[in-house]
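Here's a quick tour of one chain, starting with its sheet and moving on to its domains. Have the model open as you read.

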Amino acid sequence: MNENKIMRIFKRILYDYIYIPLKILSKDKRALFGLIVLIIYILMSIIGPIFVPLNLEPNMEERYQPPSWKHPLGTDFAGRDIFAQIVNGGRDILIAAFLAGFVTIGLGTIIGLIAGYIGGKVDIIVTTLIDIFLTIPGFPLLMIIATWLLQSGITVNILMIAFLLSITSWAGLARSVRSQVLSIKQEPFIEVDKCLGLSKFHIIFKEILPNAMPYIAINFMLSSVSAVYSYTGLMALGLIPYTPGNWGAMIHMAQAYVGTITGAGCWYILAPSLVIIILQVSLVFLSNGIDKIFNPRLREW
Amino acid sequence: MSKDSVKKKDVILSIRGLTVEFRVERGILRAVDNVYLDIYKGEVLGLAGESGCGKSVLAHSILNIVDPNGYIKSGEILFNSNGESIDVLKLSKSKLRKFRWSKISIVFQGAQNSFNPVIKVRDHFIDTVEDHKGRVSRKTIFKLASKLMENVHLDAKRVLDMYPHEMSGGMKQRTLMSLSFILNPEFIILDEPTSALDVLTQKYIVKLLRDIHEETGLTMLFITHDLATLAEIADRIAIMYLGNIVEVADVYTIFYEPKHPYTKALLKSIPSIVGPLEDLKPLPGPMPDPINPPPGCKFHPRCPERMEICKKVRPKLIDIGGGHLVACHKYKPTK
Amino acid sequence: MPNPLLKTENVSKIFEVGSMFGAKKHIKAVENVSIEIGENEILALVGESGCGKSTLGKLMLALLRQDSGRILYYLNNGYKDIWSLKGEEFKEYRRNAQLIPQDPYTTINPMRNVLSALTPPLLHYKIAKDRKEARKMAAELLTMVGLVPPEDFFKRYSCRLSGGQLQRIAIARAISVKPKFIVADEAVSMLDASLRIEILDLLLNLKKKIKTAYLFITHDLAIARYFARDQRIAIMYLGNIVEIGKTEEIIQNPLHPYTKVLLMSVPIPDPKIARSRGLPKLKSLEIPSLVNPPPGCKFHTRCPYAEKICEEKVPELREVKGRLVACHLL
């Protein structure tokens, strides 16, 4: 590949995947707000820990301090800086959430596409599977699995967590992708594609999939939101081993040691809760704008 | 109805300066643009034009039932009956309700949607009559309904007990027509009454309407995009283009001696099963954007006979003799 | 005709309708149809909605599979059943049988732009050797169908194009692989009246450049007469072909009672003629259901000339006065 070609591909990626989406999002105020907040969170997780290192040594004189210059968000039950914990805890949460989001939409999309396009017996088997998973309550199942893992002593890494978090959420997306595939299959342009000799692969992934993309993209955002709640929820209940500084862990500790919303030490529970809620809200706002990126019909030009 | 009988007659409906606009994403769409049209008592007036020309909106405005996105910006619609003249647009809600269906009736496009799917046909008749005339004996209603249905070749005994979904498209359309006539309106608007029907049923419905018209002298406004259908039933035809009326004349003049370039081009672009095929010519150029119509005469970019003035000044609808109205700079009004 | 390009032999198609728990109903959409299309000829297939003409078109394109009968394609000096073709032979048939659908707004993928609608088949059949050449060819195709300048259209999506423009793109797609046979399924029915002639003229002009046979499906006899002038028309009723022959002969002198009634009912844009025509005599206005079609000749319930034999025996297409008609009374 010569230089020219590389330059061209780079320019195309820059244009199609960065410039255009930004232009689209900039027209929707809420989506833009969501994007900015998300970027702040990501930056905070990546470079934050360099500037605000985590110091987990207990410092009993400074317990439950209210916010001050030295401790912007106050201190916890052991006198440790809350702000540093927030900044350092973001990494795990964001990675787990987005990874879980990807697994959900990956599983859901592939399964939905296969069931919808192939039809017949395969479809019946898959649909039954989807229905079973839809009826299993997600969070309680996670709690059970988490407790079992805790007792079994298996070390849990982030990828396993991501898969676990998506254990039931893929089913909803699979079902709606499948029904979209079923209806798009009948459209005249698919018939013309068949006449033009285009391969099944092309039809499924290049013609049908783009039609389902807006829904899949929004589902990604919402799956991430759900994964954040599941993850921090599990930790808040103390069901999975955590690294200190993790937001869910903070809530868990706060419940154990402080447990009040007002008064001394309230920052220990408020800080992580607020930070989680703001993240969720920004993701939801962003999901509103995502629709326009994947659906050219909604664009204004 | 022959050519002569259209001359000096009473005007039953007079549309004056009607403008109807719609708020859409890209701006304001003026669907009906300052339209003046008189409809004479006892005539069949055909309103023809392509999709998007505003004919349906015009029809709905007569009964003040414009889509929620739209609003009547200006104009009056005067209905003359029993010596008095009422502006339909100024009627109060309750008076308007009484007015609709008893004075002016409408048969909508796509008959399937006009019925309530959960009640039988007989109940549609009962509801309609009781709504307007209060309690009337069922016997009277059914006698009336049966006679009307007989006229449209429907077996009343069978049809009255049916639910709408049990009927075919053609049956629904004919039932709707009977329903429109039950209150004996003076004026009926038919919006694409034959579009969704097969050709054979279409022919019958058109003949039926002609017969009903001959018998009762009912005034009809027949809206369609299919000019050929009007050749059989209309007394006069009005041609609409992008919200304006561009030509009005009796049916023979429109087909044999059209004056407006759009009418001429339209007639030349309709294939027929009779006549030589070489005469057909497509209309040049694309249909302009209705939100930003061309300045001056809206047809000028596609007009083979355009002049300088056509680009700047919108032509008014003028009488060039014998009730023949044209909106084109090439013609001068007769004094 | 000598060596027609594509022919159907006694082809039938039945659709099953009904729920899992109720009795399944069978709709005989196409029944026992045998027609031929010669190279570079136009056959207009005329009938009212529900008569099975679209289904027949799709069967000939192998988009649906027939339940009985064969569809034969002329390949390598012989006829082969299209469902028995494999490999290169199937690829050759597939490339030569294209479709122009009815609704311009769903003829290209609404989520993909015009360029991506045109280039895949060019690359797939290696008509263009790379993306750059495919782009050039796409520009040529758009110019051929009257969309100039072509570059203006590459990045547009179907929501920003008009019905006429979209139908031209549909035509560009169909001709891009230079097929020998195109099925135009009500290709102009959803366009404005003033546009139809333009698109039909475009198709006729293209036919002169790229010799293609057309199966032109329509419910409008006047349009069929315009497009298939000096060619052939087939009239279809409830799944059967009832009359087939030269266009102008059928229009001027219809033989089958259904064709006669149809011609008497088509609106004519001429007041003197229109107002003096009588009403065709029909026994009934109701179209029989496709689930329980009438026995014998399907038209007998409405035919003004029906006799006893018409209720009992299905008429076969026989040669009468130089064309094929399915009627007992001739």
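## Chain B: sheet and domains

I15(B) stands opposite I77(B), which sits in β4(B). This is a predicted model, where local features need pLDDT of at least 70, side-chain atom pairs count only at pLDDT 80 or more, and totals for chains, interfaces and linings use all residues. Residues are numbered from 1 along each chain as its sequence is written, with chains lettered from A and ligands numbered from 1 in the order in which they are written.

Strands β1 (residues 11-24) and β4 (residues 70-81) of chain B pair in the antiparallel sense over 8 bridges. Pairing here takes at least two DSSP bridges between two strands; strands (E, at least two residues) and helices (H or I, at least four) are DSSP runs numbered from the N terminus. Zooming out, 4 strands of chain B make an open antiparallel sheet, ordered β2-β1-β4-β5. At its edges, β2 (27-40) and β5 (84-87) of chain B each pair on one side only.

Now for the domains, whose bounds come from an automatic or database assignment:

| Domain of chain B | Residues |
|---|---|
| domain 1 | 8-103 + 185-326 |
| domain 2 | 111-184 |

Their C-alpha centres lie 28 Å apart. Across the boundary, 12 residues of domain 1 of chain B are in contact with 11 residues of domain 2 of chain B (contact: C-beta atoms, placed from the backbone, within 7 Å). On the domain 1 side, α2 (93-102) and α7 (199-216) of chain B each supply at least two residues, and α7(B) gives the most, with 4 residues.

Methods
Two residues are in contact if their C-beta atoms, placed from the backbone, lie within 7 Å.
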